[in-house]
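Colleague: I'd love a close look at one part of this model, the part that deals with the nucleic acid. Please walk me through it at the level of residues and atoms.

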Amino acid sequence: MGLMMDLEMDKLVSLCKRRGFIFPSSEIYGGINGFWDYGPLGVELKRNIKEAWWRDNVQMRDDMVGLDCSIIMNPRVWEASGHVGGFSDPMVDCKDTKERYRADQLYVFAYVFPAVNHKGEPAEAWLAGLGSSPGEAAEHPEKKAAKLAKKLGQPTAPPTIIPYMQLDLADRDKVIGPSTDERGTLTEPRSFNLMFKTFVGALENESSIAYLRPETAQGIFVNFKNVVDTGRVKLPFGIAQVGKSFRNEINPRNFTFRSREFEQMEIEYFCRPEEAKDWYAYWRKARFQWYVDLGLRSDRLRLRDHDAEELAFYSTATADIEFAFPFGISELEGIAHRADYDLTQHMKHSGKDLSYFDEELKERLVPHVVEPSAGADRATLAFLCEAYAEDQVGGETRTVLKFHPRIAPIKAAIFPLVKRDSMPEKAEAIYRDLRRHFNVFYDEKGAIGRRYRRQDEAGTPFCITVDSQTLAEDTVTFRDRDSCWQWRVPIAGVVQSLRDLLEGQAIPANP
RNA sequence: GCGGGUGUAGCUCAGUGGUAGAGCCCCUGCCUUCCAAGCAGGCGGCGUGGGUUCGAUUCCCAUCACCCGCUCCA
């Protein structure tokens, strides 16, 4: 499948750059791995996606409220959530055998043998062993040393034992890893905690460490009590948030898909424990349908339930909404049944009561939660992939982005057919009128066909052209992006016509 | 992190150990009545840092970025 698909992704990346959707971050300085910028068209597209999400999931519902939390929070939030402890062991890789070790379980046994090398220095062997204590780790190096002793003589003294973590940088190259006979194949210890660290305040020490949030969800949990106390909300209800998150990914890949800075659209939907299963089923379906309604209609979209081994220990059910990207099938959104895990964790760590009092049933409980967690950048990339098409028009290939009108960066472009006979003035007047209602674009440069094609690449659903017939009868030409069909609309009805079309009204049959 | 590939104009790509090219785009003017027209002119570049050399965009080393495969992915 490689070739065709690679080609398609290359073309999309190229189009995104050429038309101003997505640029590499800080490109004039050589870029920075895992970070991307949205250009003039990209920012409109992504905003439209986020706004559609907010409108559909918050403003159009009675049971949802919004929230916008700080990115940096009290570090104890991440202790409670498990992000600090969960994945912070420094790891060491063996470049020779590809083995991976926990650095705190590696001990180096430095042996000195009586034999001398050509410089007259005694032979040394720095042998690494693996174990939870030096005694446990000694076994393997001892065997190796015994072997070497046959050639080099019995060691002159017991080995010096050095925890790998405390090894001098200069000595690291001497070390022979547990699974190899080569020297210097072990990497430096690397922390695999994916949270970005920073310092708050003037002092840069342990007590001032803080983290850039790796997800927006925890900000919702820690504000649960605030919202309940002030928001006049009743179970079941959800809290939604859109915002940046940061993960120091080991290996960013696939254009914007796995970025180190990215934007999430998350809902925590709180409900009574006995209703959680039903709400999980509800959101699982509703969130899938949302993508379909916005244009991911093809069989590239799928809903996959996690099997038992895949589930987090606190979750009873999780489903991924996946999209078949050119580089593979990958996750757009996860819908997780998280029970009362997060609220309980924060109750333990903060010492605050985060339970909810049900007025009707006169009962105090810790709500369960269903979490639909979506990636705004991943959604944007999926919509770009889905929209990308190469059509044949009049024997020529055209590139077109067939966005759903709701997410299209520009809703319509207005052109004078030629730059004279007062056509520019008329077209500009229409443009100014439309601009009050929609994001529209005016262009009078070059040949009309070129202007159409340029809008096709931007994904603009409609073009409106002022021509000589306009001067005679006050009508303009509407042109549909996907079919290239054209029809006439009275100038007075342009705003309403465009609104109807953007809201899904079918285009007139081609005369 | 490992292996492979790529890096020349805004974009797509040629090319050379000796003053760097094309097409498209863009800008200006002329011309143009519906799907990337034509003419004339213009802007603009060898990813970065070292080394070899009289001279490096070219050869060597390092580094960065991107792509592919593996690995990783709370």
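Modeller: Happy to: I'll go through the surface near RNA strand B, then add a short note on one pair of helices.

This is a predicted model, with local features needing pLDDT of at least 70, side-chain atom pairs counting only at pLDDT 80 or more, and totals for chains, interfaces and linings using all residues. Residues are numbered from 1 along each chain as its sequence is written, chains are lettered from A and ligands numbered from 1 in the order in which they are written, and side-chain values use heavy atoms, leaving out hydrogens and water.

There are 42 residues around RNA strand B, where a residue is near a strand if one of its heavy atoms lies within 4 Å of it. Asn251, Arg258, Arg450, Arg454 and Asp467 come nearest. On the RNA side, sugar and phosphate make up 52% of the strand B atoms that come within 4 Å of the protein.

The bases of RNA strand B have partners too, through polar contacts (pairs of N or O atoms within 3.5 Å; within protein, one must be able to donate a hydrogen and the other to accept it, and residues adjacent in sequence count only if both atoms are side-chain atoms). Tyr452 places a polar side-chain atom 2.8 Å from a base oxygen. For Glu457, a side-chain N or O atom is 3.0 Å from a base nitrogen, and Ser468 has a polar side-chain atom 3.0 Å from a base nitrogen.

Which elements carry this surface? Two or more residues each come from α1 (2-19), α12 (448-458) and β26 (475-480); such helices (H or I, at least four residues) and strands (E, at least two) are DSSP runs numbered from the N terminus. The most comes from α12, with seven residues.

By class, the surface near RNA strand B has 19 charged, twelve polar and eleven nonpolar residues. Here Asp, Glu, Lys and Arg count as charged, Ala, Val, Leu, Ile, Met, Phe, Trp, Tyr, Cys and Pro as nonpolar, and the others, Gly among them, as polar.

Now the helix pair. In α2, Leu45, Lys46, Ile49 and Lys50 meet Ala376, Asp377, Ala379, Thr380, Phe383 and Leu384 in α10, contact meaning heavy atoms within 4.5 Å. That contact has six nonpolar, one polar and three charged residues.
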